[in-house]
Amino acid sequence: MEIFILRDGESTGPYSPGEARELIDSQQFPASTPAWYGRLTAWMPLEKVLEHIDLPFPAPEIPTLPQGSAFLVCISGPDKGKRASLKEDSPVTLGRSASCSILSDDSDALDEHIRISVAQKKVTVEPLGAATVFLDGQPFAGGSFSAKQQLRIGRSLWQVEASRDFKASAEKMLGSVASKISSAAGLEELQDFRSANLFSAVFKKRTDEEFEVHFAAGTPSNTPELAQIDTRWPQPWAFLRAFLLSIGAFIGLYYTCFHFENLKLIPGVIIVGAFAVPLSILVLFFEINVPRNISVYQVIKLVLTGGMLSLLVSMFLFQWSDSIGLSWMGASVAGIVEESGKLVALIIAARKLRFPWTLNGLVLGACVGTGFAIFETAGYAFDALITGWATHSGFQGVVMMTETLLVRAIFTPLGGHGIWTAMVGAALWRVKRDNPFKFEMLKDPKFLRVFIVAVLLHTIWNSPLDLPFMTKYMAVGFIAWVVVLSLVQMGLREVREAQAITTPSNEASTLPDSSLLQPDQS
């Protein structure tokens with residue numbers, strides 16, 4: 001990676017990233033010195049360039065075979081039952097000599113018969129001297145030896161038995177399932193996602209000023225230029241603070257309400273309990289929007305207007321569904337009605353918003369879904385309060401209200417309206433981009449397949465299907481987040497491709513004109 005640095009109006013370099021860092025550390029160049037490398041369309045401060053070219057994840061480690069994870073085992077013959085642990089880069093010898101790692105009782109074995117080596121999970125067999133070895137019944141001159149093959153030494157049969165790595169097996173299985181989910185939704189397979197990296201910044205200490213800067217986005221003065229957008233996997237952190245603050249407020253209101261028996265605090269308990277988790281997930285999607293071109297004002301406006309419109313449209317659609325005979329579906333009809341209602345509300349509420357990115361649609365959809373979820377949860381909590389109050393006692397009504405709030409909060413990260421509508425919004429913006437909405441866009445398979453997935457997930461969620469250990473809800477949540485993360489991956493690639501298009505078409509070493517120090521007004 002070649003970096004050029006602008007000094008006294010002239011470019012110097014190229015420098016490697018390590019050399020550029022040394023120039024800053026040695027104070028030969030200030031961190032704010034204009035610099036450039038091949039992907040940029042304008043000069044940027046040197047420290048920002050170094051951040052921009054850093055790899056999103058550390059280089060993968062070379063796989064190894066740890067001690068005890070595999071064994072050489074004799075399955076028949078004079079040495080039956082003998083076994084030895086195979087260690088990485090630590091050869092094992094087998095023979096009748098006392099100096100061998102595996103002492104053989106087979107009279108047909110030589111004093112030193114074979115040497116077995118392990119490197120990078122490959123087991124290699126080397127016959128020693130005039131030793132005769134057979135692999136799967138055929139003469140074997142040496143080479144790789146897999147766990148499914150049998151090695152005959154004298155009159156004994158040996159094979160490699162590997163201890164099963166349950167973590168690796170589970171990851172492989174989940175990866176395979178995730179690939180099928182992405183394919184069914186018409187999306188690309190998750191490739192470079194690592195949950196540990198996505199949430200690596202969650203527990204870092206932050207100041208109030210950092211919070212203020214973090215949420216100062218989407219206005220003309222703090223929306224980054226295309227070349228300055230960091231297209232690595234984002235590292236959100238504010239969503240956890242939003243959740244903790246909301247939960248703290250809920251606990252405080254709930255305690256005060258009960259301790260002082262003040263019924264005037266019940267609305268506060270309902271409101272905070274209804275928005276705590278949905279709002280936290282919305283903040284997560286806001287942070288994932290790396291173009292940072294949606295302001296907090298737009299988010300609040302769309303939560304209120306989109307949530308209200310989606311409820312209104314859904315009520316009309318519920319009436320219509322009864323009139324056409326869909327009442328047999330019971331609660332499951334909400335999958336069709338409510339997802340359609342939120343889609344209509346999203347189209348209406350965001351019709352004048354000109355945001356071009358798939359990641360923008362993710363946030364806009366999450367806003368509508370979050371508004372719907374907050375209003376719906378508050379309604380369910382109020383209904384539980386009134387029902388408990390009328391049939392039991394005032395205290396029991398408050399308990400039922402609280403249970404409703406807690407249950408819906410626990411399940412929201414798995415199957416929340418915000419997640420489902422975020423999927424739909426991202427899929428719609430993937431088709432729409434910054435063009436005016438047209439109904440033909442709803443027929444595009446790139447949108448339609450994701451929308452059908454959202455409807456099916458919501459329908460299954462509300463179905464009477466009851467599986468142990470919350471299996472149904474866990475499965476729905478897993479599918480939803482696979483789709484969301486696939487859309488995020490595609491959204492990041494979409495921005496990278498746009499950056500590449502605007503990169504000068506000259507050779508990689510061609511430098512941008514120093515006039516690009518001024519913001520591009522085109």
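Trainee: OK, so helices are DSSP runs of H or I with at least four residues, numbered from the N terminus. In which loop is Glu-261 found, then?

Mentor: Glu-261 sits in the loop between α6 and α7. Keep in mind that this is a predicted model.

Trainee: Noted. What's phi doing at Glu-261?

Mentor: Phi of Glu-261 is near 50 degrees, so you have a positive value in a residue other than glycine.

Trainee: Buried or exposed, that Glu-261?

Mentor: Glu-261 counts as exposed, because its relative accessibility is 69% and the cut-off for exposed is over 50%.

Trainee: And what about phi of Phe-469?

Mentor: Phe-469 isn't glycine either, and its phi is positive, near 60 degrees. Phe-469 lies in the loop between α13 (445-462) and α14. With a relative accessible area of 80%, Phe-469 is exposed.

Trainee: Moving on into α14, how accessible is Met-474?

Mentor: Met-474, which is in helix α14, has a relative accessible area of 45%, which means partly exposed.

Trainee: How far is the C-alpha of Met-474 from that of Leu-414?

Mentor: Those two C-alpha atoms are separated by 6.6 Å, with Met-474 and Leu-414 60 residues apart along the chain.

Trainee: Switching topic: how do α7 and α10 cross?

Mentor: The axes of α7 (residues 266-288) and α10 (residues 358-391) come within 9 Å, crossing at roughly 165 degrees. Angles over 145 count as roughly antiparallel, and α7 and α10 are therefore roughly antiparallel to each other. Their crossing is right-handed.

Trainee: What's in that contact of α7 with α10, by class?

Mentor: There are 21 nonpolar residues, two polar ones and no charged ones in the contact of α7 with α10.

Trainee: Now pockets. How much space lies in the second largest one?

Mentor: The second largest pocket holds about 1000 Å³. Its lining has 31 residues, and Leu-190, Phe-193, Ser-195, Phe-478 and Leu-485 are the closest to its centre.

Trainee: Which helix gives the most to that lining?

Mentor: That's α3, with seven residues in the lining of the second largest pocket. Helices supplying at least two residues each include α3 (166-184), α4 (195-198), α6 (238-259), α7, α11 (394-415) and α14 (471-502).

Trainee: So α7 turns up again. What classes make up the lining of the second largest pocket?

Mentor: The lining has 21 nonpolar, seven polar and three charged residues.

Conventions: Residues are numbered from 1 along each chain as its sequence is written. This is a predicted model: local features need pLDDT of at least 70, side-chain atom pairs count only at pLDDT 80 or more; totals for chains, interfaces and linings use all residues. Side-chain values use heavy atoms; hydrogens and water are left out. Axes are lines fitted to C-alpha atoms, for helices over the stretch in contact, and angles run from 0 to 180 degrees between N-to-C directions. Angles under 35 degrees count as roughly parallel, over 145 as roughly antiparallel, 65 to 115 as roughly perpendicular and the rest as oblique. A crossing is left-handed if the near helix is turned anticlockwise from the far one by less than a right angle, and right-handed if clockwise. Ala, Val, Leu, Ile, Met, Phe, Trp, Tyr, Cys and Pro count as nonpolar, Asp, Glu, Lys and Arg as charged, and the others, Gly among them, as polar. On a 1 Å grid over the protein atoms alone, a cavity is a set of points where a 1.4 Å probe fits but cannot get out, and a pocket is an open set with protein on both sides within 12 Å along at least five of seven lines; lining residues have an atom within 4 Å of a point. Grid points are joined across faces, edges and corners, and a volume is the space filled by probe spheres set on the points. Buried means under 20% relative accessible area, exposed over 50%, partly exposed in between (1.4 Å probe, protein chains only).
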